[in-house]
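Reader: I should like to go through the terms used to describe this structure and ask what each of them rests on. Please set out the reasoning in each case.

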Amino acid sequence: MTDATHSTEQHIASLRPKLIAFARLQLRDSAAAEDTVQDTLVIALEKHQTFSGRSAFETWMFGILKNKILERFRHERRYFSWQEDELSDEDSFEKLFQENGRWQAASKPAHWGDPDQILENAAFWRVLDTCLLVLPDNIARVFTMREFMGLNTQEICEALTLSEANCWVILHRARLRLRACIEKGWLT
């Protein structure tokens, strides 16, 4: 084994905890996350010589993982059922605003501070991670596919057999719930 091969294998192994965390968040099943990451690592080890360097190595690895997660969704989508929320869309949206279009006092977004400073604050990211974990599985799955995996609405709809309107409703609910959770955990 050459030093370069050994170094590549170590680099791949060092990314495993990040890959596992991402897969668990997306799949909501530790065993499925472990299996999917294992498949990702096998592909990375087999194909690391094809890595062209047009992106960061970590980005390439996460690209493989994203594809593996999407494969799993496509394979399992016939067994996946959507959970309905307790409030209809109109109910949750209507409660946010007064008749004149202004925010309800209780619903008005709080000031979180300077966005650049918040994004560099580790405590904020812990609150966000916690808030993502308490989202219902279906809402978290769609949100993370959009915001973390970078998929567009059409790709999400195809992977999960959703209508575009339903996808937008789920994203709206995710953002509302995350905002409420972050404000509760971050600003208090």
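**From values to terms**

Author: In this predicted model, the buried residues of helix 7 are Asn 138, Ile 139, Ala 140, Arg 141, Val 142, Phe 143, Thr 144 and Met 145.

Reader: Why is helix 7 called largely enclosed by the rest of the structure?

Author: The term rests on a count: eight of the 11 residues of helix 7 are buried, and helix 7 is therefore largely enclosed by the rest of the structure. For the protein chain of 188 residues, the buried share is 35%.

Reader: What makes Phe 143 a buried residue?

Author: Phe 143, which lies in helix 7, has a relative accessible area of 11%. Buried means under 20%, so Phe 143 is buried at its 11%.

Reader: Which residues is Phe 143 in contact with, leaving aside its neighbours within four places in sequence?

Author: Phe 143 is in contact with Leu 132, Phe 148, Leu 171, Ala 174, Arg 175 and Leu 178. As for Leu 132, it is 11 residues from Phe 143 along the chain, and the C-alpha atoms of the two are separated by 9.0 Å.

Reader: What makes the pair Glu 147 and Arg 175 a salt bridge?

Author: The side chains of Glu 147 and Arg 175 meet at 2.7 Å, N to O. A salt bridge requires a side-chain nitrogen of Lys or Arg within 4 Å of a carboxyl oxygen of Asp or Glu, so a pair that satisfies this is given the name. Glu 147 belongs to helix 7 (residues 137-147) and Arg 175 to helix 9 (residues 164-186), so the salt bridge ties together parts that are 28 residues apart in sequence. Glu 147 is partly exposed, with a relative accessible area of 37%, and Arg 175 is partly exposed, with a relative accessible area of 37%.

Reader: How many salt bridges does this rule give, and which residues do salt bridges with shared partners join into one network?

Author: The count comes to seven salt bridges. Arg 16, Arg 24 and Glu 34 are joined into one network by salt bridges that share partners. Within this network, the side chains of Arg 24 and Glu 34 meet at 3.2 Å, N to O. Arg 24 is in helix 1 (residues 3-27) and Glu 34 in helix 2, so this pair ties together parts that are 10 residues apart in sequence.

Reader: Why are Arg 24 and Glu 34 called partly exposed?

Author: The range for this class lies between the limit for buried, under 20%, and the limit for exposed, over 50%. Arg 24 has a relative accessible area of 37% and is therefore partly exposed. Glu 34, at 27%, counts as partly exposed by the rule.

Reader: Where do Glu 71 and Lys 68 lie, and is Lys 68 buried or exposed?

Author: Both lie in helix 3, three residues apart, which is about one turn of the helix. Their side chains meet in a salt bridge at 3.1 Å, N to O. Lys 68 has a relative accessible area of 17% and is therefore buried, whereas Glu 71 is partly exposed at 43%.

Reader: Why is helix 2 called oblique to helix 3?

Author: Helix 2 (residues 30-47) and helix 3 (residues 57-76) pack at an angle of about 130°, with their axes 9 Å apart. Angles over 145 degrees count as roughly antiparallel and those of 65 to 115 as roughly perpendicular, the rest being oblique. The angle therefore makes helix 2 oblique to helix 3. The crossing of helix 2 past helix 3 is right-handed.

Reader: Which residues make the contact, and how many of them are nonpolar, polar and charged?

Author: The residues in contact include Ala 32, Val 37, Leu 41 and Ile 43 of helix 2, and Trp 60, Met 61, Ile 64 and Lys 68 of helix 3. By class, the contact has 10 nonpolar, two polar and five charged residues.

Reader: What is the value of phi for Arg 28, and where is its place?

Author: Phi of Arg 28 is near 60°, a positive value in a residue other than glycine. Arg 28 is in the loop between helix 1 and helix 2, and counts as partly exposed at 22% relative accessibility. Thr 161, which is not a glycine, also has a positive phi, of about 50°. Thr 161 lies in the loop between helix 8 (153-160) and helix 9.

How values were computed. Residues are numbered from 1 along each chain as its sequence is written. This is a predicted model: local features need pLDDT of at least 70, side-chain atom pairs count only at pLDDT 80 or more; totals for chains, interfaces and linings use all residues. Side-chain values use heavy atoms; hydrogens and water are left out. Axes are lines fitted to C-alpha atoms, for helices over the stretch in contact, and angles run from 0 to 180 degrees between N-to-C directions. Helices (H or I, at least four residues) and strands (E, at least two) are DSSP runs, numbered from the N terminus. Angles under 35 degrees count as roughly parallel, over 145 as roughly antiparallel, 65 to 115 as roughly perpendicular and the rest as oblique. A crossing is left-handed if the near helix is turned anticlockwise from the far one by less than a right angle, and right-handed if clockwise. Contact means heavy atoms within 4.5 Å. Ala, Val, Leu, Ile, Met, Phe, Trp, Tyr, Cys and Pro count as nonpolar, Asp, Glu, Lys and Arg as charged, and the others, Gly among them, as polar. Buried means under 20% relative accessible area, exposed over 50%, partly exposed in between (1.4 Å probe, protein chains only).
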